[in-house]
Structure formats: structure tokens, C-alpha cells
Amino acid sequence: MFYKCFIDNEWVEASNGARMPVRNPATGEQWAEVPACTPAEVDRAIESSARAQKEWALLPPIKRAEYLYKIAEGIERERDLFETLLVQEQGKPKADAAAEVTDTIRYITYAAEAARRLRGDIFPSDNPREQLFIYKVPYGVTLGLCAYNYPLALIGRKAGPALVTGNTMILKPHEATPVTASVFCRICEEAGLPAGVINMVTGTGAEVGAPLVESPTVRMITLTGSIRAGQMVQAASAKNITALSLELGGSAPFIVLKDADIDAAAEACAIARFANAGQVCICSESVLVEDAVADEFTEKLLKHVSKIKLGDPMTNGGMGPISTPDALARVEKIVADSVAGGAKIAAGGKRPDNAPFEGGNWFEPTVLVDATPETAAVKEEIFGPVLPVVRVKDYEEALAIANDRPDGLSAYLWTQNPSVYMDAIQRMETGTIFLNTGITGYIQGYHNGHKLSGVGGEDGVHGLECYMQKRTVYQRY
């Protein structure tokens, strides 16, 4: 099946006819193709977006919201198709795909609902017969760079707020998961979205990503991706002083203290680590457990992990494959390096002998014990189904290990002591803290990182702010 790109409300191929394969992570088999676009398609998309943005920005926000509601309705109408596509190109189980479709609709409708709540500020002047206004206005042409772990939800998370605030957006999906983006654009077309408000191009970072990021016409870039990708985007866009919202990687510690609810913590940790085969940026990437309860916690954790079953993601409610062969190879190397460094495999640790399908990117749910802060699986962001367990003597040691990291996207803390968790709120250097709770994320919240985990952020009223710049007006009357 060939899925074309979408530019100026037209379905286009690459000007040179080149195509890229899309493979099923569960089987490794090619099931679709998309254009391998060239700089010519990039130029066309940029011109279209710039041309459309002027009139789009002049529409009242509530009129822009009407289109978003229609897009959300179209996604719901095509729910079954989107769920199937997400399983085929990303590998998540069908139930998780259904949840992603629901989240996408929520992101878009939340943005639409915000149309009547966009506001500026009025401040008193220092002079008589003068007023000070601060307007919030769109950047213009924005670029949405999406990761492969949530190929549809990330579109909704970015396009919804960008469009309602008066921007146009060019979507560049990850090379491994471009099909849902193409179908999303069909929904936009059916909703009657004006030409150029949404454009989408597929291709490599060199041929498509680089000219988009380096374009002076693109005035704001929102990226969900790795720290390395964020650094490359920041460097490439620096010449144009392009506004950035970078939601980057992190290695979330899951801290368990001796007064925690061990049963609940162990279950929450297993869910958080192995959701979407560990391919969630806020997954628990390592456990820092107080020595007094380390044995009990680890035993209960392993029981939960043993219940996670691999199987056909279309029918299995357990865990699916890793999305790409490169990511699988990276996970294997991290495990090997960790074992070479002294960690021991307590569960999993390899590609399964009885994988559900040959040729797929399968890896067993894995737990490493006897890990230290220097273990490869602790130091690096794994982004796969591997969980190292590190024993610590107390809260202060756990906090020091967590804060010593160069990144800071999220962290988990399980304790019943208010003095400890209030201290953590003040001192833990991370964008999100989950206190006595598992992995979650509300649309009205804010999803952002500290340190190398990024700038800007997504979701809620603060996420909307990232798509608007301020304009100050001094008005005499």
C-alpha cells in the first residue's frame, strides 16, 4: 500500500519517484510505502504553509476550533483503522493503540476548547491617557517533528495547540511510523481544513528534516525525540533564532523507600517500565530501592514481570515488539554492557527463543539486579523493556543519584513521609514527579523536562503558551 504526502491539500509523491518502506515491527515484513521526499517537496510545503498562515491567523480562534472539532470527529469515525495502523507500524498492542487514538482525540478537543480561553494581559501605564496591552500572537509556520513511539498522539498533541493559536504546521513523522500521519492528513482534508494549514512530508533527516529545521520561514519547532536529536535541532536552527519546544529523553528513576506501599509500588513500577515495550519517555528506567526493602520489592517486581506475555499485538494484551531494528540492537548492547559491568539478569535478558513471529524486533521483559549507578542500563536511556535495580542506603543517596544525571524529564518517589516528598518537590531536578502513583499524564497538566531533557513543553495552558509569542502595545488615547 502506498501512502502519499500531503502538501497544499494535494496528495504528492517525491519529485524523483523515490519511496521508503514501512515495516511491521512484529514480523519485520514490509507492508506499506511512503514517499522519500526531496528538498523540492520541503520547499513546496514551506511555501504553502507560509501562504496559508496569514489568513488562518486572522480567523477568530473559535472558527479555527470548529475545524479541530471536525478533525477529532473524523479520527473517531476512523478509530478502527487508526488502531490497526498503530499496531502495524509501531507494534503496540491493540488495546494500547485504542488508548492512543482516544488520547489523540482528547489533545485535539482540549485545544479546540481553549479557543475561548486564549488571552493576553492589560497593565496600568505610568502615564495618563495611556494603556499597556500584551497580546499573544502566533509564530507563523511551525514544524512538528514526531517520534515513533506515539505516532498519532504526538500529532494531536502538537497540531491541536499550534492550529488553534493561529499557526500553520508542517508535520514530519518518524521514518518508521509515517502512515498514521498520512491518514491523519486525509481526515484534515475531509474536515475542510484550508489548504496549507497542515502539510506533511516524509523522508530522511538529511533530505527532509534538515532543510525544514534550517528554514528561516519556520519560526517555531516542536520536537519529541532523543537528547541527541534535540541538540542537533537546536544547533541547526540557531542561525535563525527559531523558537523551540523540545521534549527530549530522560532516564526516570523509580525511588522506593522503606516506608512505601511495596505491593503497590512493585505493580506500578512493572506497568511503568514495560508499557509500550518500554518506549515511553516517562517510563521508569531504573529502580533506586532502599536496602531495607530491596529484597521484598525485587521479589514482588519479578512476579509482576513474569506475568507479562509476548504475543501478536493485534490480539495479545501483554507486550509487543520494539519498534525498530536499530532500537532492538541498542537494547541488546546495553544489556550486554551491563552484564559485563557486573549486573546480573534476574528475568529475560535476550531475544525470546519462541518469539511470536520470526523476523520481528522482539525482546524479553528484562530485570537486572546488582546494578550500580555506573551500570550501562542505569546511565543510559534504554527506551526498551529493561529495568535495572540499584540498592541505596537512604533517600539522600537516591536523590543524589537522580540529580547527578544530566537529564531530568521525570521521576517516581514512593514514600509515606510528607517531609520526604515535600523535600523532593523542592530539590528533585526533574520536570515531572510521580508521588506514590504510577505512570500517567493528564491533558490539563504540563509535560516538560529540565536540564538536557529539553526546553518548553506540551499540554495544558502552559503547553498552549509555547505556540504563541508576546506583542506589547503602548496605546495613547
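Colleague: Which helices do the buried residues of α2 pack against?

Modeller: Buried residues of α2 (under 20% relative accessible area, 1.4 Å probe, protein chains only) pack against α1 (39–58), α3 (79–90), α4 (94–113), α5 (153–164) and α6 (179–190). Helices here are DSSP runs of H or I, at least four residues, numbered from the N terminus. This is a predicted model, in which local features need pLDDT of at least 70 and side-chain atom pairs count only at pLDDT 80 or more, while totals for chains, interfaces and linings use all residues. Residues are numbered from 1 along each chain, and side-chain values use heavy atoms, without hydrogens and water.

Colleague: Which residues of α2 are buried?

Modeller: They are Arg-64, Ala-65, Leu-68, Ile-71, Ala-72, Gly-74 and Ile-75.

Colleague: How do α2 and α4 cross?

Modeller: Their axes (lines fitted to C-alpha atoms over the stretch in contact, with angles from 0 to 180 degrees between N-to-C directions) come within 8 Å and cross at roughly 165°. Helix α2 is therefore roughly antiparallel to α4, a term for angles over 145 degrees.

Colleague: And which residues meet there?

Modeller: In contact (heavy atoms within 4.5 Å) are residues of α2 including Leu-68, Tyr-69 and Glu-76, and residues of α4 including Val-101, Ile-105 and Glu-113.

Colleague: Turning to α9 and α10, at what angle do they cross?

Modeller: The axes of α9 (residues 262–274) and α10 (residues 291–306) cross at roughly 50° and come within 9 Å. That angle makes α9 oblique to α10, the term for 35 to 65 or 115 to 145 degrees.

Colleague: Which residues make that contact?

Modeller: Among them are Ile-262, Cys-269 and Phe-274 of α9, with Phe-297, Lys-300 and Val-305 of α10.

Notes. Helices (H or I, at least four residues) and strands (E, at least two) are DSSP runs, numbered from the N terminus. Buried means under 20% relative accessible area, exposed over 50%, partly exposed in between (1.4 Å probe, protein chains only).
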